[in-house]
Amino acid sequence: MAPRPRARPLFACLATVIVLAPLAWFWYASLVPDSYSVMDMGHADRTGGHHHGTRSVDTLTVDPGLAADVRVTLTARAERFALASGRWVRGYTLNGTSPGPVIRATQGQLVEVALVNESVEEGTTLHWHGVDVPNAADGVAGVTQDAVAPGRSHTYRFFADRAGTYWYHAHQFSHEQVRRGLFGAVVIAPRAPAGPVTAPDPGPAAADHLALVHRYDGVRTVDGRSGDVPVPADPGGTVRVRVVNTDNGPMNVWTVGGPYRVVAVDGTEVHEPSPVTGEAVLVTAGGRVDLELVVPAGGARVELGGDTALLLTPPGGTAPAGTAAPRRLLDLLSYGTPAPTGLDPARVTREFAYDIGRRPGFLDGRPGLWWTINGRMFPDMPMFHVTEGDVVRFRISNHSGEVHPMHLHGHHALVVSRDGDPATGSPWWIDSLNVADGESYDIVFLADNPGVWADHCHNLPHATQGLVGHLLYDGVSTPYRIGGGGTANRPE
């Protein structure tokens with residue numbers, strides 16, 4: 001029997017409520033408080049662990065009584081500035097330049113960096129990407145410190161424990177501040193051998209060149225220079241090129257004129273690297289790759305993404321012309337030869353899934369298509385709990401439709417397998433891992449650096465869209481909060 005006319009509006013209202021009530025609930029549940037602690041966000045993934053104790057991240061520091069070996073002051077400004085190539089950019093500088101000064105140290109030295117914020121209105125910080133610093137020095141606004149307000153300063157202290165190529169960048173409004181200039185390189189040289197040198201003279205040292213790659217307003221640059229960058233090089237000489245990808249997406253790198261070897265990835269030396277021809281090596285966002293090549297008589301090119309290059313030119317000579325990118329990519333899973341790692345993946349004590357997807361919903365009240373971790377959207381992201389001394393395995397899988405460069409702060413991890421295929425080459429240690437759509441990786445690391453650590457996508461706009469988790473050591477907590485008034489902490 002048809003409903004009476006007076007009942008029809010009631011049925012319509014009831015149907016509307018049935019449809020809209022779940023949407024209203026999802027909208028309400030997505031709202032992020034004006035100020036919150038990462039200790040309270042999301043859900044705890046303990047997988048058999050537990051959390052207790054209140055050791056603050058502020059206590060996880062280098063002994064303040066130790067004198068620094070390397071001291072640097074970096075002054076951050078918001079200003080219009082000229083790149084090394086002469087083009088003018090409106091953004092941010094460190095000591096009047098972008099990229100900021102290269103920080104150089106020798107392995108084992110204590111580094112002290114004073115960050116002075118002269119005029120970055122929203123505040124800023126510095127994160128030491130790939131350097132396994134004590135947690136108090138990690139530079140993540142709202143997690144390990146408050147953003148440094150204009151007129152204030154903050155000091156970072158850490159040991160240069162691992163030789164290699166690293167970089168530093170803002171971790172306050174990072175998707176804007178990094179893009180607009182707040183970053184620079186860190187190069188840590190190996191410590192000199194102790195005692196008298198008895199080995200034969202190895203000959204002249206390899207020339208060492210930094211290639212800090214960054215897009216300003218969409219134009220790719222190398223060390224602030226657009227176009228091809230000539231570098232004098234002696235024929236027959238060995239050159240090491242330290243490639244740093246500071247952008248949000250992966251970049252292919254290859255050479256023209258002769259073969260190259262990949263001698264380091266993310267600051268770790270590759271064991272017995274072989275010459276590479278006809279293949280490019282992929283450098284993910286935030287990642288670093290050190291190449292080594294012997295300069296041919298006719299010079300060589302190191303192609304950086306295909307629209308800029310380092311030209312290794314002999315005196316009075318020229319470098320060869322550019323070529324299209326090779327069709328094949330070097331597979332670091334099988335490159336080089338095996339070597340001891342000091343880490344047994346068979347003795348894992350804590351395992352986690354980090355499953356990246358995407359689905360429609362609300363993020364802080366905004367409708368859209370958002371990233372998920374283990375099926376959940378921000379702020380309901382996982383807090384992975386570990387105990388110091390754990391051997392931790394993450395299975396990172398991606399079925400989101402886009403590539404994600406995943407970056408775990410404070411640790412280097414060993415790649416064990418990809419899509420179920422085991423690693424067979426040199427130990428592949430990473431802090432930034434390119435996870436393409438449809439791929440899965442197993443990585444293993446030792447939980448030996450207590451703290452509260454971000455574990456996020458380094459396509460920084462993806463991080464602002466919620467692709468951020470955290471790794472929490474039992475017994476550690478943070479007093480800092482994200483959001484709030486004044487110079488609010490906004491790490492992404």
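**Asn434**

I looked up Asn434 in this predicted model and asked whether it is buried or exposed. Its relative accessibility is 14%, and the cut-off for buried is under 20%, so Asn434 counts as buried. I placed Asn434 in strand S33, which covers residues 432-435.

Next I asked which side chain makes a polar contact with that of Asn434. I found Thr284, at 2.7 Å. Thr284 also appears in the list of residues that Asn434 touches, once residues up to four places away in sequence are left out. The others I noted there are Pro250, Leu282, Val403, His404, Pro405, Glu439 and Tyr441.

**Phe394 and the cores**

Tyr441 turned up again when I listed the contacts of Phe394. Leaving aside neighbours within four places in sequence, I wrote down Phe352, Tyr354, Phe384, Tyr441, Asp442, Ile443, Phe445, Asp455 and Leu471 for Phe394.

I then looked up the largest nonpolar core and counted 76 residues in it. Which residues have the most contacts inside this core? I recorded Val262 and Phe394. I also checked which element gives this core its largest share, and it is strand S25 (residues 350-363), with 4 residues. There is a second, separate core of 26 residues, and among them I noted Leu74, Ala76, Val131 and Ala170.

**Cis peptide bonds**

I looked at two cis peptide bonds. One joins Ser98 and Pro99, with omega at about -5 degrees. I located Pro99 in the loop that runs between strand S5 (88-94) and strand S6 (103-106). Another joins Phe378 and Pro379, where I read omega as about 10 degrees. Pro379 sits in the loop between strand S26 (366-373) and strand S27 (382-386).

**Positive phi**

The loop between S5 and S6 also holds Asn95. I noted a positive phi of about 55 degrees for Asn95, which is not a glycine. Its relative accessible area is 35%, so I entered Asn95 as partly exposed.

I made a similar entry for Asp266, not a glycine either, with a positive phi of about 50 degrees. Where is Asp266 placed? I found Asp266 in the loop between strand S18 (261-265) and strand S19 (268-269). My last check was whether Asp266 is buried or exposed. The relative accessible area of Asp266 is 2%, under the 20% cut-off, so I entered Asp266 as buried.

Terms used. Residues are numbered from 1 along each chain as its sequence is written. This is a predicted model: local features need pLDDT of at least 70, side-chain atom pairs count only at pLDDT 80 or more; totals for chains, interfaces and linings use all residues. Side-chain values use heavy atoms; hydrogens and water are left out. A nonpolar core is a set of buried Ala, Val, Leu, Ile, Met, Phe, Trp, Tyr and Cys residues joined through side-chain atoms within 4.5 Å. Buried means under 20% relative accessible area, exposed over 50%, partly exposed in between (1.4 Å probe, protein chains only). Helices (H or I, at least four residues) and strands (E, at least two) are DSSP runs, numbered from the N terminus. Contact means heavy atoms within 4.5 Å. A polar contact is a pair of N or O atoms within 3.5 Å; within protein, one must be able to donate a hydrogen and the other to accept it, and residues adjacent in sequence count only if both atoms are side-chain atoms.
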